[in-house]
Amino acid sequence: MSTYTTCTSPYCNAGWGELLTHMSPYGFANFGIAFGLGFSVIGAAWGIWITGTSLVGAAVKAPRIRSKNLVSVIFCEATAIYGVIMAIILANKIKKPDEGINYQFPDNWDFPGMYYAGYGMFSAGLSVGLTNIASGVSVGIAGSSCALADAQDSSLFVKILIVEIFASALGIFGIIVGIIESNACTFPVAALENSYY
């Protein structure tokens, strides 16, 4: 049986706090892109799963609803597109520094600006991703209700579709918040003219 020992190397992290504070801002920015895109796709898939199963089940009894209720699937897919849009916006904000070889930056480098950009892009991507999970699930539930109601009474389709449009608007709000959060996030590419430290 082996025993575990504490790492004594200077490259070990003492815990999660030290790990997260010593992570590169470029890593945070890339994780923001990954979470924004990944969670948006999960939200879209979850919504399509919820609405698709009800649509297929209700279409057995009322085949006329098949083509009309595909709008619900399109609304669910829109949440993934919002994530793709935000990922493109965030990826274009990551700039390679002109100075600093192997991350050895000069003393007058704008480190606070670099960390601000990394944390800001992480929070923007995470907020867009989590909002799109909520949007995808709510659109899926509303789409499922729309398909089941339309199978019973075709006059209910437009009324429930309006609720579905409002559920889809959650994803738009999320991408607007993400754009606002990432607006001031610019990675420095050169050292500051005057050092303030």
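**Helix packing and salt bridges in a predicted model**

Reader: In which helix is S135 found?

Author: The structure is a predicted model, and the helices in it are numbered from the N terminus. Within that numbering, the helix that holds S135 is α5.

Reader: Is S135 buried or exposed?

Author: A residue counts as buried when its relative accessible area is under 20%. The relative accessible area of S135 is 0%, so S135 is buried.

Reader: With which residues is S135 in contact, leaving aside its neighbours within four places in sequence?

Author: S135 and A169 lie 34 residues apart in sequence, yet their C-alpha atoms are 7.7 Å apart in space. Once the neighbours within four places in sequence are left aside, the contacts of S135 are T79, A167, S168, L170 and G171.

Reader: How are α5 and α6 oriented to each other, roughly parallel or roughly antiparallel?

Author: Helix α6 comprises residues 157–182, and α5 packs with α6 at an angle of about 175°, the two axes being 9 Å apart. Angles over 145 degrees count as roughly antiparallel. The relation of α5 to α6 is therefore roughly antiparallel.

Reader: How do the residues of the contact of α5 with α6 divide into nonpolar, polar and charged?

Author: This contact belongs to the helix pair that packs at about 175°. Its residues divide into 13 nonpolar, 13 polar and three charged.

Reader: How are α4 and α6 oriented, roughly parallel or roughly antiparallel?

Author: Helix α4 covers residues 70–91, and its axis lies 10 Å from that of α6, at an angle of about 5°. An angle under 35 degrees counts as roughly parallel. The orientation of α4 and α6 is therefore roughly parallel.

Reader: Which residues in α6 meet α4?

Author: From the α4 side, the participants are V71, S72, F75, Y82, I85, M86, I89 and L90. The residues of the contact divide into 12 nonpolar, five polar and one charged. On the α6 side, the participants are L161, E164, I165, S168, G171, I172, I175, G178, I179 and S182.

Reader: Is I172 buried, partly exposed or exposed?

Author: I172 lies in helix α6. The C-alpha atoms of I172 and G43 are 14 Å apart, with their positions 129 residues apart along the chain. Because its relative accessible area is 35%, I172 is partly exposed.

Reader: Which residues are in contact with T51, leaving aside its neighbours within four places in sequence?

Author: T51 is found in helix α2. With a relative accessible area of 1%, T51 is buried. Apart from its neighbours within four places in sequence, its contacts are S72, V73, C76, G140, G143 and S144.

Reader: What distance separates the C-alpha atoms of N30 and G52?

Author: N30 has its place in helix α2. Its relative accessible area of 42% makes N30 partly exposed. N30 and G52 are 22 residues apart along the chain, and the separation of their C-alpha atoms is 32 Å.

Reader: How many salt bridges does the structure hold?

Author: A salt bridge requires a side-chain nitrogen of Lys or Arg within 4 Å of a carboxyl oxygen of Asp or Glu. D150 forms a salt bridge with R64, their closest N and O atoms being 3.4 Å apart. K68 forms a salt bridge with D150, where the closest N and O atoms are 3.5 Å apart. By this rule, the count of salt bridges is two.

Reader: Which residues are joined into one network by salt bridges that share partners?

Author: The pair of D150 and R64 links distant parts of the chain, since D150 lies in helix α5 and R64 in the loop between α2 and α3, 86 residues apart. D150 is buried, at a relative accessible area of 0%, whereas R64 is partly exposed, at 42%. K68, in helix α3, is 82 residues from D150 and is partly exposed at 31% relative accessibility. Salt bridges that share partners form one network from R64, K68 and D150.

Reader: How many disulfides does the structure hold?

Author: Two cysteine sulfur atoms must lie within 2.5 Å to make a disulfide. The sulfur of C146, a residue buried at 1% relative accessibility, has its closest cysteine sulfur in C76, at 11 Å, which is too far for a bond. The number of disulfides in the structure is zero.

Conventions:
Residues numbered from 1 in each chain as written. Predicted model: local features only at pLDDT ≥ 70, side-chain atom pairs only at ≥ 80, totals over all residues. Heavy atoms only, no water. Helix = DSSP H or I, 4+ residues; strand = E, 2+ residues; numbered from the N terminus. Buried < 20%, exposed > 50% of the residue type's maximum accessible area, 1.4 Å probe, protein only. Axes fitted to C-alpha atoms, helices over the stretch in contact; angles between N-to-C directions. Parallel < 35°, antiparallel > 145°, perpendicular 65-115°, else oblique. Nonpolar A, V, L, I, M, F, W, Y, C, P; charged D, E, K, R; others polar. Contact = heavy atoms within 4.5 Å.
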